Amino acid sequence: MISDSAIWASLPIPALLVNGDNLIIDLNGVAENFLNASARSMRGTPVWDRIAVDAPLEDAFARARAQRTPLFVNDVDVGTGNAPPLQCNLQIAPLVGSETDMIFMISPRELSGRVTISDSVKSAAKSAIGMAEMLAHEIKNPLAGITGAAQLLSMNLATEDLELTDLIVEESRRIVKLLEQVEQFGNLQPPGLKAINIHDVLDRARRSALLGFGVHMKIIEDYDPSLPYAFADSDQLLQVVLNLLKNASEAAGKSGTIRIRSYFEHSFRLRRNDGAGRSLPLQVEIIDDGPGLPDHIKGDIFDPFVSGRENGTGLGLALVSKIISDHGGWISVDSVPGRTMFRISLPRAPKDLIPEEET
């Protein structure tokens, strides 16, 4: 006969036993990975200190215990403090043979949008790359001919007719630019990772923004001066920050404010599908006071061809996400009217790569 402990260990989803005081009695191995903590360290701790659920669950949990009935909660965000929240289904049921103990099972539907960005973008980007490789030559060359022909025609047209040829030239150039942006997915080299001072990158991006697209903006620096070296490609990271600053300046309008914030979060870890974790303690936030992202694109903002701007290509943030994914990092967005925050999480540079004068 199979033992209860074998069944408990074989459950494919995180499961916890909780007593009448809502203290964790035990948890299976999958739950240890989910919470990024050992069973020994978790036993005796309040379950609501370890698991944050984006729903008013505690009262319902108490009623289920009092009535000895199961409780099912679907499509809620569950956070553990060690990784980004996941969308999960919850199953809570009374433990047979006990008057107060409950079994708490967490079924992650998938990694949250902020974590699965990397995989979805990689897949979508591959499709975009293939499309670009097939069509770039066939489309860009005829477009160059169309543009040239329109420019030649404009030399002999009356002023009132120039609007038509100007439109042809403008739209042709826009299509070429779109194709070139798609091609960037294929042309982007793997990052040359090394120890870099992330504030140097942020300062370069800030100065460039203030001299160009962000000349009308107020950009506030909120840096942690003690931040250690990041493990990144400075040029690619500059491309990311410039893209985020450009989006923020366009969203915030002519008198908006952008805040660039950096800080260290020691406990931040990215959990992969295999349960392993990666430490990403270096945090950079780009925050603007614009109107926020439209609700219908919030969940897809990092996918190619999704844009909140009229005539936007929807490729800038997809490329940003691909670069951060190639760094082994994580990017997320949190947007409400009046405040949109893009957050980048990056790994710390290994000690042996840090310049000697900084060690």
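Okay, so helix H10, residues 316–326: this one lies across strands S14 and S15, running at about 140° to S14. Contact here means heavy atoms within 4.5 Å. Axes are lines fitted to C-alpha atoms, for helices over the stretch in contact, and angles run from 0 to 180 degrees between N-to-C directions. The helices (H or I, at least four residues) and strands (E, at least two) are DSSP runs, numbered from the N terminus.

Quick caveat: this is a predicted model, where local features need pLDDT of at least 70, side-chain atom pairs count only at pLDDT 80 or more, and totals for chains, interfaces and linings use all residues. Residues are numbered from 1 along each chain as its sequence is written, and side-chain values use heavy atoms, with hydrogens and water left out.

Back to H10. How many of its eleven residues are buried? Nine, so the helix is mostly covered. Buried means under 20% relative accessible area, exposed over 50%, partly exposed in between, with a 1.4 Å probe and protein chains only. The buried set includes Leu317, Leu319, Val320, Ile323 and Ile324, but also Lys322. Just after H10, Gly328 takes a positive phi of about 75°.

Now the sheet underneath. It's an open sheet of five strands, in the order S8-S10-S13-S15-S14, with mixed pairing. Strands pair if DSSP finds at least two bridges between them. S8 (218–222) and S14 (330–336) stand at the edges with a single partner strand each, so one side of each has no neighbour in the sheet. From one strand to the next, the twist averages 15°. At the S8 edge, five bridges join S8 to S10 (residues 257–264), and the two run parallel. Glu221 stands opposite Ile260 in S10.

Next, helix H8, residues 198–211. H8 lies across S8, S10, S13 (282–288) and S15 (339–346), at about 170° to S8. Does its length come out as expected or not? At 1.5 Å a residue, its 14 residues should span 20 Å, and the end C-alpha atoms are 20 Å apart, which agrees. That expected span is 1.5 Å times one less than the number of residues.

Which residues of H8 are buried? Ile198, His199, Val201, Leu202, Asp203, Ala205, Arg206 and Ala209. As a reminder, an α-helix has 3.6 residues a turn, so residues three or four places apart point the same way. The cover over the buried part of H8 includes strand S7 (194–196), S8, helix H9 (234–252), S10, S13 and S15. At the N-terminal end, Asn197 is the cap, with a side-chain oxygen 2.9 Å from the backbone nitrogen of His199; a polar contact is a pair of N or O atoms within 3.5 Å, where within protein one must be able to donate a hydrogen and the other to accept it, and residues adjacent in sequence count only if both atoms are side-chain atoms.

A couple of backbone oddities. Most residues other than glycine have a negative phi. Asn22, in the loop between S1 (15–18) and S2 (24–27), has a positive phi near 60°. Arg68 has a positive phi too, near 55°, and is found in the loop between helix H5 (58–67) and strand S4 (71–79). Arg68 is partly exposed, at 27% relative accessible area.

Last, the overall picture: ten helices and 15 strands, with buried residues making up 44% of the 359.
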